[in-house]
Amino acid sequence: MSRDRRESQTPWSQSVSDVLERTDVSQSEGLTEKEVERRRARFGPNELREAERRRWVEILADQFKSFIVLLLAAAGIAAFVLGDVIEGVAIFAVLVINGAIGFVTEMRAVSSMESLQEITEIEARVRRAGEENGIPAEDLVPGDIVVLEAGDLVPADLRIVEPSKLQIDESALTGESVPVGKTSEPLDEDVPLAERENMLYKGTYVTRGSAEAVVAATGPDTELGHISASLQEAAEEQTPLQQKLDDLGQKLVPFLLVVATIVLVSGWLRGQDLFLMVETAIALAIATVPEGLPVVATLVLARGMWRMADRNALITNLASVETLGSTTIICTDKTGTLTENEMTVAEYELANGTVEVSGTGLDTDGTFQHGDQELDEPRDPVMQEALEVGVLCNNASVTEQEGETDATGDPMEVALLIAGLKGGLDRDELLDSMPEAREVSFDPSVKMMATYHDVNGDYKVAVKGAPEAVIESSTRIVTGDDTEELSGSDRKEWLQKSDRMAEDGLRVLALARKEVDSTENPPYEDLSLLGLVGFIDPPREEVRSTIQGCQDAGMRVIMVTGDHAGTARNIAHSVGLVDTDNVEVVEGRQLDDPENLSQEEKDRFVNASVFARVNPANKLDLIDLHQVVGSIVAMTGDGVNDAPALKKADIGVAMGQRGTQVAQEASDMILRDDNFESIYHAVREGRIIFSNIRKFVLYLMSCNLSELLAILIATLLGFPLPLLPLQILFLNVVTDIFPAFALGACGGSRDIMDRSPRNPDEPIMTRTHWTELGFYGILISVATIGAFVIGGSMHAGGMETEEAVTISFLTLAFAQLWHVFNVREVTSGILRNEVTENLYVWGALGLSTLILFGAVYLPGISLALSTTPLSLEGWLVVFGMSLIPLGVGQVEREFRRRFEIPQLDF
Ligand code: ATP
């Protein structure tokens, strides 16, 4: 129904007032909450397609779809048919428990992922019941009044109501990447989509200006909704890590099936009961095929992502979690990431001297000091005008209420407003006498901004920007009430002044103005320079130690800033990013022609640590230079123009506070607090996740291998079975998964950030891991067989007795439990390490131990498992033998460490 309604309308052909009337909404009030409810019920959520959530029934059904489970079910039925009711019931119980655990794990993984997605969802600003608020874009309904500004993604299909210098990038929809201007005027009914200048379509974004617009269509009714089927499917892909785990499992299947067949045939040839051997082979196959690895990995990933979110790093792309741990280069911007982004004007450099400004932050008390003399009103005219231009050419706002100062907007512009207030200039009052007639917004490639102000029919143009740009555009200099010509040598002198200020660590802007008779006059020609203004932006306190931490972790930190080389160098030095204060700073323009760089230049740039006056296009080339030599690059960005660089980087990092929605959408990670430290923590977490996944893979697979080998060795030696089929199933389904899950929650070894980044091509299981896997498998199985032999020799019945089998079963089970302590880092201590410090591990061991006692002492279960209570000697054998693999494992660890045999890294 909603589609009919949408298609019967052509909102672009109606006037704004008609559209508002038809959608039954007022621009100033928006919809009422009640109306919103009604429309939501009618049109549904603003999602492209009911996201393809796997429903719980499907997830449950998936647990029982595997071939091996079917085999087991067949064995269960066979047991019933052969009249062995207990066996049959037990097999089905195992099936159910196995399915339930798989189901719960997968449900948790899925819901964890879903809620993670929710916290990274895009917000829309809407006006409802007269109030403007941010809401999840998904909650928009047709008729909502949406407020957009530069950098915002268009959250639904909208009809523009009130545009202001609006420009939109519609490339996602039309393929045309040049931003298009927009109006609110009605158009012909039959204009094609790409020419509907009064419409905004979901999936496009605002590059400039701002707008108010009314929602015309949401969710599947939007133009994007009509073409989006393929987009949704892409989101379901497995990450490389999940894929690798899946492959690992698949690769093992033939091998395991061969071993199971050998067991079956050799056992049968040695006179064992055929049905028992078939059951054993099936149980082994079930026990050893690591089907669940990808799901458990998802859980570990999700947990890691939550932990990152706690530390202010939101991951928007699951696959990047693993890349994070391999990051070798972090390119970070300066302002706000390395510095506080709390700016204060410290000095003005004017034609008639230097004026220092006192006071910090938002405090509007402060004085102006010219040499020894404090400036009082009437102030020097140049100073007065410099303050005025700073206040006029400005988009920030500062309000003072009951002694509290509140500021919004670019911190540099806020600082200029505060400086104005210190000098008695209030923006609103100034604008009353000279209203703004035009604004030419700040453009990072021009590095300037201008505003035109109406002064009795003529216009005053106020300009601020990067010193080299403004000085270049100036032909005169304001010296008092007059101006003088600015010669080539004067320009040079001013540039030197600005360099000197920058080298002192100040962020420097130049101010200029001119008078024109029309707003059509170009903004950046024939300006009269007023002077320079220097801002302090203190480095963040924790940055120095974090940079050191990154360096210890084998990552290089590179500053990539739009700011002046001198400021960049000074800050880089003061945060410890470089050792000396005369390090080479590469300017963005040196990268302008990447094709023609000599090898020597490329090497120099790859080794450089500070890049200044960088524009978004330079960032792309820089990433390229590093990626070509095999680095894994993380790059920060916040503006609309940074989106390509964020996409190109291995890890695109967008700023949560300063960043535009466009940058956030293009990124793999969003820093909620814009803080460099959060990148470090995210990398650390990425490394921990990978090492935990390795831990549980190695643990689980060595446990499985030990079961396989124990049975194989026993049958080859002509022994009876040391483990019965149900016992094998019981071990896998009930006991060893708890420690394996717990390993996924380890906190990471102490030296995890003292190592080099992992090579991203390195497999999950390296040769060393496979060797170790074999070693542990043999160790545990030999201990089990040993216990079996001892158990068999304790009584006349030999190894055929229930007691002997119980002993070998428990030995294997406990050996597996203790084995968790073997999967620690070689470099961590025997007693205090990431495994022993993980409380979940202790919890899991406690629980599994209880279950194992239950398996022996609870009559029903012990009957099904054919176990029997043990004598004290029996228990001594169990504990003695089960501790051997742990002891030997630890000795081997020390041995490796002493003799520097290839380390086993996690
Ligand atoms: P970063 O955030 O990487 O540390 P940046 O903020 O200096 O650097 P850009 O935003 O690209 O980088 O700005 C480049 C230069 O343009 C600034 O150094 C400054 O000189 C000038 N500039 C920045 N913002 C404005 C503005 N709002 N008005 C006028 N000039 C500006």
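**Asking why: a salt bridge, a ligand and two domains**

In this predicted model, the side chains of Lys464 and Glu413 meet in a salt bridge, with 2.6 Å from N to O.

Q: Why is the pair of Lys464 and Glu413 called a salt bridge?
A: The rule asks for a side-chain nitrogen of Lys or Arg within 4 Å of a carboxyl oxygen of Asp or Glu. Lys464 and Glu413 come to 2.6 Å, N to O, so the pair counts as a salt bridge. Side chains of opposite charge can pair when their charged atoms come close.

Q: What makes this a link between distant parts of the chain?
A: Lys464 sits in strand β18 (residues 458-465) and Glu413 in helix α15 (residues 411-422). The two residues are 51 residues apart, and the pair links these distant parts.

Q: How many salt bridges does the rule count?
A: The count comes to 37 salt bridges.

Now to the ligand.

Q: What makes Glu413 a polar contact of the ligand?
A: The cut-off for a pair of N or O atoms is 3.5 Å. An N or O atom in the side chain of Glu413 is 3.3 Å from a nitrogen atom of the ligand, so the pair is within the cut-off.

Q: How do you know that Arg613 and Lys334 are in polar contact with the ligand too?
A: A polar side-chain atom of Arg613 lies 2.9 Å from an oxygen atom of the ligand. For Lys334, a backbone N or O atom lies 3.3 Å from a ligand oxygen. Both values are within 3.5 Å, so both pairs pass.

Q: Which residues are closest to the ligand?
A: Of the 20 residues that surround the ligand, the closest are Thr335, Phe442, Arg507, Thr561 and Arg613.

Finally, the domains.

Q: How do you know that domain 1 and domain 3 touch?
A: Contact needs heavy atoms within 4.5 Å. Eight residues of domain 1 meet that rule with five residues of domain 3, so the domains are in contact. Their C-alpha centres lie 36 Å apart.

Q: What is the area buried between domain 1 and domain 3?
A: The area is about 560 Å², and carbon and sulfur atoms give 60% of it. In domain 1, Gly151, Leu153 and Tyr205 lose the most area to domain 3, together 71% of what that side buries.

Q: Which polar links and salt bridges does the rule find across this interface?
A: There are four residue pairs in polar contact, but zero salt bridges. Strand β7 (residues 205-217) gives the most to the side of domain 1 that touches domain 3, with three residues.

Terms used. Residues numbered from 1 in each chain as written. Predicted model: local features only at pLDDT ≥ 70, side-chain atom pairs only at ≥ 80, totals over all residues. Heavy atoms only, no water. Domains from an automatic or database assignment. Buried area = accessible area lost by both parts, 1.4 Å probe. Polar contact = N/O pair within 3.5 Å; in protein donor to acceptor, adjacent residues only side chain to side chain. Helix = DSSP H or I, 4+ residues; strand = E, 2+ residues; numbered from the N terminus. Near = heavy atom within 4 Å.
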